[in-house]
Amino acid sequence: MPELPEVETTRRGIEPWIVGRKITGWSVRQPRLRWPVELPARLSGERIVRVLRRAKYLLLETASSALIVHLGMSGSLRLMPLDSAAGRHDHVDIEFDHERVLRLTDPRRFGSIHYHEGDWRSHWLIKDLGVEPLGPGFDGEFLRRAAKDRRVAIKHLLMDARVVVGVGNIYANESLFLAGIRPRLAAGRISELRCTALAAAVRDVLERAIQVGGTTLRDFVGGGGAPGRFRPSLNVYGRADQPCYQCGTPLKGLRIGQRATVYCPKCQR
Ligand SMILES: [Zn+2]
């Protein structure tokens with residue numbers, strides 16, 4: 001599934017190609033994605049001003065509106081020449097004035113595209129989202145406040161999009177390892193010092209994943225077409241029962257809220 005790093009990689013991949021370009025048309029071959037795709041006629045002629053990311057949403061901003069794109073479980077966005085033949089999973093094309101199309105391919109159809117007039121921050125999918133893990137609001141003090149008096153497992157809190165967005169399962173596992181914190185520890189019992197280490201670990205893991213273009217990669221292809229290469233640098237995710245790289249102790253696997261969780265019983269307290 002495309003996670004925050006893959007979405008950010010896609011954003012960086014498509015941004016230089018479409019900023020300043022005018023939308024000349026579109027084709028919706030399959031409108032039944034996660035939500036029905038409805039694009040209004042006035043979209044034609046609008047120019048892309050910025051390409052932003054909020055959580056795992058891509059925002060294609062124009063002067064007065066935005067296209068809000070989510071890649072769902074298996075979606076990808078790529079720039080292609082205008083005359084490229086469409087395959088059966090190529091559901092939506094946005095056409096630009098330089099003879100290119102931005103193509104949404106999504107075999108499982110959990111992705112979505114919404115047109116939003118005005119400021120995208122007020123859109124119902126976006127307005128209640130938590131802080132950005134790479135933004136200025138995410139640090140130890142923030143985490144400590146969010147965790148105060150909470151008995152929920154710290155890993156669960158990290159993955160709660162109302163608190164902080166875009167920390168998927170892989171990244172939550174890896175961050176907790178780097179910070180030396182047990183995934184099941186009650187969030188409210190973690191000191192501010194350790195919360196600071198954890199916030200730094202989350203940033204570090206996400207930034208490294210973005211640098212190499214993301215992790216997951218059965219279906220995902222970055223905006224530039226290259227698959228991500230983060231997987232070889234994973235410390236714990238997918239390594240239950242294998243020796244910890246730091247101390248050699250066999251890693252433990254368990255489930256927290258249905259999600260695969262792996263940690264080192266010696267390095268994580
Ligand atoms: Zn260890």
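This section describes the confidence, sheets, helix packing and backbone outliers of a predicted model.

The mean pLDDT of the chain is 92, and 93% of its residues reach 70 or more. Residues 216-225 stay under 50 in pLDDT. For this stretch the model has 23 contacts beyond four places in sequence.

One open sheet consists of 4 strands in the order 1-6-7-5, paired in antiparallel fashion. Its edges are formed by strand 1 (23-28) and strand 5 (76-81), each of which pairs on one side only. From one strand to the next, the twist averages 20°. The antiparallel strands 5 and 7, the latter comprising residues 100-105, are joined by 6 bridges. Within this pair, Leu79 is placed opposite Leu102 of strand 7. Helix 1 packs on the sheet and touches strand 5, strand 6 (90-96) and strand 7. The direction of helix 1 makes about 30° with that of strand 5.

A further open sheet, also described by antiparallel pairing, has 4 strands in the order 2-3-4-8. Here strand 2 (50-54) and strand 8 (112-117) are the edge strands, and each pairs on one side only. Neighbouring strands of this sheet are turned by 20° against each other on average, with direction ignored. Strand 2 is joined by 5 bridges to strand 3 (residues 57-61), and the two run antiparallel. Val51 stands opposite Leu60, a residue of strand 3. Helix 1 lies across strand 2 and strand 3 and runs at about 175° to strand 2. Contacts of helix 1 are thus described for both sheets: with strands 5, 6 and 7 in one, and with strands 2 and 3 in the other.

Helix 5 spans residues 192-211 and has 20 residues. The distance from its first C-alpha to its last is 28 Å, close to the 28 Å expected at 1.5 Å a residue. The buried residues in helix 5 are Cys195, Leu198, Ala199, Ala201, Val202, Val205, Leu206, Ala209 and Ile210. These residues lie on the same side of helix 5, because they cover an arc of only 160° around the axis. The face turned away from this buried side carries the exposed residues Leu193 and Gln211. The cover over the buried residues of helix 5 includes helix 1 (4-18), helix 2 (140-147), helix 3 (154-158) and helix 4 (169-179). Helix 1 therefore takes part in covering helix 5, in addition to packing on the sheet that contains strand 5. Just after helix 5, Gly213 adopts a positive phi of about 90°.

Positive phi values are also found outside glycine. Most residues other than glycine have a negative phi. Asp149 departs from this pattern, with a positive phi near 60°. Asp149 is located in the loop between helix 2 and helix 3, two of the helices that help cover helix 5. With a relative accessible area of 70%, Asp149 is exposed. Gln258, likewise not a glycine, has a positive phi of about 70°. Gln258 is found in the loop between strand 9 (252-256) and strand 10 (259-263). Its relative accessibility is 66%, so Gln258 counts as exposed.

How values were computed. Residues numbered from 1 in each chain as written. Predicted model: local features only at pLDDT ≥ 70, side-chain atom pairs only at ≥ 80, totals over all residues. Heavy atoms only, no water. Expected span 1.5 Å × (residues − 1). Buried < 20%, exposed > 50% of the residue type's maximum accessible area, 1.4 Å probe, protein only. Arc of directions from axis to C-beta. Contact = heavy atoms within 4.5 Å. pLDDT = per-residue confidence, 0-100. Pairing = 2+ DSSP bridges. Axes fitted to C-alpha atoms, helices over the stretch in contact; angles between N-to-C directions.
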